[in-house]
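User: I would like the labels on this model checked against their cut-offs. Please keep the replies short.

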Amino acid sequence: MNKKNLTNFIQTRIGFFCLLLVLFALKYIFAAYHDFNLGISDPYQHIIMWLSPVGSAILLMSIGLYFSKPLVSYCAMILLDVANSGLLFANVLYYRQFSDFITVKTITNAGKVAPGLGKSAVALLQPSDLLLWLDLIIIIILLLAHKIRIDQKSFGLLTPFAVTSVGALILVLNVFLAESSRPRLLGTTFDRSYIVKYLGIDTYTVYDAVKNEQTEQVNKNANTADLNKILAYTKKNKLPVNTEYFGKEKGKNVIIIHLESFQQFLIDLKINGQEVTPYLNSLYHNKHTLSFANFYHQVGIGRTSDAENMLETSTYGISDGSLFTAMGSSNTFQAAPQILRQHGNYTSAVFHGNVGTFWNRDDVYKNMGYNYFFDQNYFSHDKNDHIGYGIKDKIMFAESIKYLERIQQPFYTKFITVTNHTPFDMDEEDLDPSFKTSDTSDKSINNYFETAHYLDQSIREFFNYLKKSGLIKNTMVVIYGDHYGLTNSENETLAPMVGESSDTWNAYNNVQMQRVPFMIHAPNLKGKIKQEVAGEIDVLPTLLHLLGISNRNYIQFGSDLLSPKYRPWLTFRNGTIVSQKYVIGGKGLKGIVYDRKSGKQIINFTEQEKYEITKLAKEGKMSLKYSDLLNNHNLLRLYTPSGFKPVDPTQFDYLTNYRQMEELRQKLKNKSTALISKQRKSTTRLYKTDATELKGREEEITTIPESVSGNHLTEKQTKPSKNHKKSYN
Ligand code: MN
């Protein structure tokens with residue numbers, strides 16, 4: 001076809017259709033290579049991927065051909081193309097942040113994560129994203145300028161039907177090729193990136209919607225028989241306690257420090273001869289810290305919220321999406337705050353510098369039984385004090401003391417840091433001039449060390465306060481990293497820095513990068529660095545036993561890490577299993593298995609190995625399956641352990657935390673156990689920070705802002721969050 005013929009062809013309705021189709025397919029292929037990491041290896045897979053957007057796009061856009069009026073038909077085709085491009089664009093942005101594709105659940109719960117994500121979506125934009133819209137912009141301009149004319153020839157039903165049929169045929173061919181390259185692609189194992197790789201985003205989205213609907217139908221049919229199965233299953237997670245540790249920290253305050261995106265490889269790591277996190281390193285080796293060298297995160301797409309869920313409940317996050325956003329508003333929880341309230345009269349609180357609605361926390365925390373939630377509203381509203389996902393860590397810690405000292409003891413509190421969050425941005429003024437970061441080609445890696453270094457400094461400042469105020473004496477501090485910060489695609493660049501080679505970097509190395517810190521520090525604990533494998537699911541049983549509380553009656557999927565009968569394996573949310581001996585991919589014996597200690601792939605299995613690996617694979621699957629059964633069907637609503645009172649979420653109001661604490665103190669008078677009551681003066685002056693933002697504004701650490709003291713609150717202003725969000729979002 002020569003140029004003139006081509007131009008004439010485009011002036012026909014079918015030609016216009018083909019133009020849209022070809023441009024969409026090109027955009028898709030560009031995004032697949034440029035934005036997604038689909039792991040396309042052999043030429044066959046490349047061809048399948050090129051084909052993957054075509055069938056569904058024809059099916060979708062051919063709807064426009066059925067309209068007999070030419071103008072309506074053209075508009076419909078363009079609108080369908082816009083919708084299809086929009087879906088691709090949304091997935092590109094989402095993938096950039098989460099290394100995953102959008103699910104139907106993510107969309108239906110988008111409102112709950114959106115306030116926090118909104119800002120980052122803009123930050124995620126790249127110039128190349130314009131390409132995803134450029135074709136449509138040009139075509140619309142050409143139409144308006146009459147360079148492309150609307151073909152006025154009438155159009156029967158036969159041609160549209162033929163086009164639709166061609167689309168369906170290509171789709172069938174696509175599925176056939178995909179199945180031959182990867183058998184049982186649409187079977188039981190649901191791996192999003194594989195489905196996108198072989199069938200494209202449109203087909204994936206439809207598939208996901210169907211699957212989602214099926215799950216919802218299953219949920220409706222849950223009953224007590226399922227609950228009994230779960231109870232029987234979780235019984236074997238209950239291990240004999242270690243008498244050396246059981247009750248060792250009984251009655252102590254608990255402070256959980258959630259290190260955002262902090263990985264274990266940072267511990268003791270030196271860049272340019274300097275330690276990246278000297279203070280956390282010193283805690284790691286401290287003679288009063290129980291440290292775990294092989295502690296793995298087990299989060300899925302719910303990332304931070306999955307980690308929180310595992311720590312608070314010892315159940316896994318859900319397989320698809322975030323439990324917090326998908327079911328956190330309605331599910332029954334038997335979580336740490338309520339267990340500790342029942343068994344030790346604990347008061348609980350969370351400190352976090354993002355908006356309270358992010359990950360649906362404001363609802364979830366009430367359902368978990370948290371007394372207080374100090375979100376962004378309780379901290380400085382100065383724009384310069386925020387970056388990325390909320391208030392900078394140093395300022396969050398410094399400004400939390402005036403609240404912390406008013407909480408009745410013993411308390412169970414959690415500090416969720418945010419500064420060390422991808423894309424690891426920092427303001428110039430917060431950089432430590434004496435710390436020189438790496439100089440790799442990857443900006444994320446270089447930035448990561450800087451934000452981790454900053455986080456380390458903020459932990460040091462917080463610990464200095466704990467020591468000066470004397471709080472450390474009756475407190476158990478738990479420090480953990482929630483999940484990876486650097487993604488698998490960045491790991492290869494990172495390899496030389498962690499003593500590996502980029503050339504030999506493999507799946508085993510990626511699994512090892514999922515290790516995060518877990519440390520328990522208390523002045524009366526005898527410290528050591530434990531080498532056993534452990535996971536986030538195990539934290540709650542371990543902490544309960546240290547506090548002298550039996551977990552016997554609770555449904556928990558983790559096990560006490562200090563038990564003499566300790567359980568030597570854990571499963572990732574994607575099915576990967578790590579045991580003392582093995583690293584087993586999601587497919588058990590049929591997949592790749594590594595020797596965990598040497599990192600060598602095991603090729604020929606002995607009978608003993610076959611037996612052990614099969615058993616572990618089954619155990620891991622069962623563990624996830626029963627946790628999903630429990631959470632997806634909200635089965636805890638049918639089970640109340642003896643000695644446990646279900647949470648009444650309506651008793652909590654996170655807008656008036658300060659007023660509630662003060663009223664309680666006045667009521668208790670000299671029976672108040674809050675630190676400020678015990679010491680008869682505020683301890684905020686003991687807090688020292690080098691945060692440049694607070695220079696000359698030190699009084700902010702010591703004074704309660706009017707916005708939270710309650711004095712200014714009128715009927716209309718009982719929701720201060722809206723006003724404050726403006727200053728930052
Ligand atoms: Mn996180």
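Analyst: The turns below take the labels one at a time.

This is a predicted model, where local features need pLDDT of at least 70, side-chain atom pairs count only at pLDDT 80 or more, and totals for chains, interfaces and linings use all residues. Residues are numbered from 1 along each chain as its sequence is written, and side-chain values use heavy atoms, with hydrogens and water left out.

User: What makes E260, T304, D482 and H483 donors of the manganese ion?

Analyst: Donors are N, O and S atoms within 2.8 Å of the metal (3.2 Å for Na, K and Ca). The protein donors here are E260 (OE), E260 (OE), T304 (OG1), D482 (OD) and H483 (NE2), and they lie 2.0 to 2.5 Å from the manganese ion. So they meet the cut-off. Water is not among the atoms, so sites may look incomplete.

User: How are the donor residues spaced in sequence?

Analyst: The pattern is E-x43-T-x177-D-H. T304 lies in helix α12 (residues 303-313), and H483 lies in the loop between β10 (475-481) and α18 (488-494), so the pair ties together parts that are 179 residues apart in sequence. Helices (H or I, at least four residues) and strands (E, at least two) are DSSP runs, numbered from the N terminus.

User: Why is T304 called buried or exposed, and what about H483?

Analyst: Buried means under 20% relative accessible area, exposed over 50%, partly exposed in between (1.4 Å probe, protein chains only). T304 has 6%, so T304 is buried. H483 has 0%, so H483 is buried.

User: How do you know that β10 pairs with β1 and β11?

Analyst: Two strands pair if DSSP finds at least two bridges between them. Strand β1 (residues 253-259) and β10 have 7 bridges, in the parallel sense. L259 has G481 in β10 as its bridge partner. β10 and strand β11 (residues 518-521) run antiparallel and are joined by 4 bridges. There, V477 is partnered by H521 in β11. Both counts satisfy the rule, so both are pairs.

User: What makes β10 a mostly covered strand?

Analyst: 7 of its 7 residues are buried. T475, V477, I479 and G481 point one way from β10, while M476, V478 and Y480 point the other way.

User: What makes β13, β14, β15 and β16 an open sheet, and which are its edges?

Analyst: The 4 strands follow the order β13-β14-β15-β16, with antiparallel pairing. The edge strands are β13 (569-571) and β16 (593-595), as each pairs on one side only. Between β14 (residues 577-579) and β15 (residues 582-584) there are 2 bridges. That count meets the rule of at least two, so β14 and β15 pair. In this pair, I577 stands opposite I584.

User: Why is a set of 81 residues called a nonpolar core?

Analyst: A nonpolar core is a set of buried Ala, Val, Leu, Ile, Met, Phe, Trp, Tyr and Cys residues joined through side-chain atoms within 4.5 Å. In the largest one, of 81 residues, Y365, M476, F518, I520 and F557 touch the most other members. Helix α20 (residues 539-546) gives the largest share, 5 residues. A second, separate core of 62 residues includes F262, V276, F351 and L404.

User: What is I520 in contact with?

Analyst: Contact means heavy atoms within 4.5 Å. Leaving aside neighbours within four places in sequence, the partners of I520 include H288, L290, M476, V478, L525, L543 and L546.

User: What makes N345 and F424 stand out?

Analyst: Most residues other than glycine have a negative phi, and most peptide bonds are trans. Phi of N345 is near 55°, a positive value. Phi of F424 is also positive, near 55°. N345 lies in the loop between α14 and β5, and F424 lies in the loop between β9 and α17. N345 has 61% relative accessibility, so N345 counts as exposed. F424 has 2%, so F424 is buried.

User: Which peptide bonds are cis?

Analyst: The bond from Q409 to P410 is cis, with omega near 0°. The bond from T422 to P423 is cis too, with omega near 5°. P410 lies in the loop between α16 (393-404) and β9.
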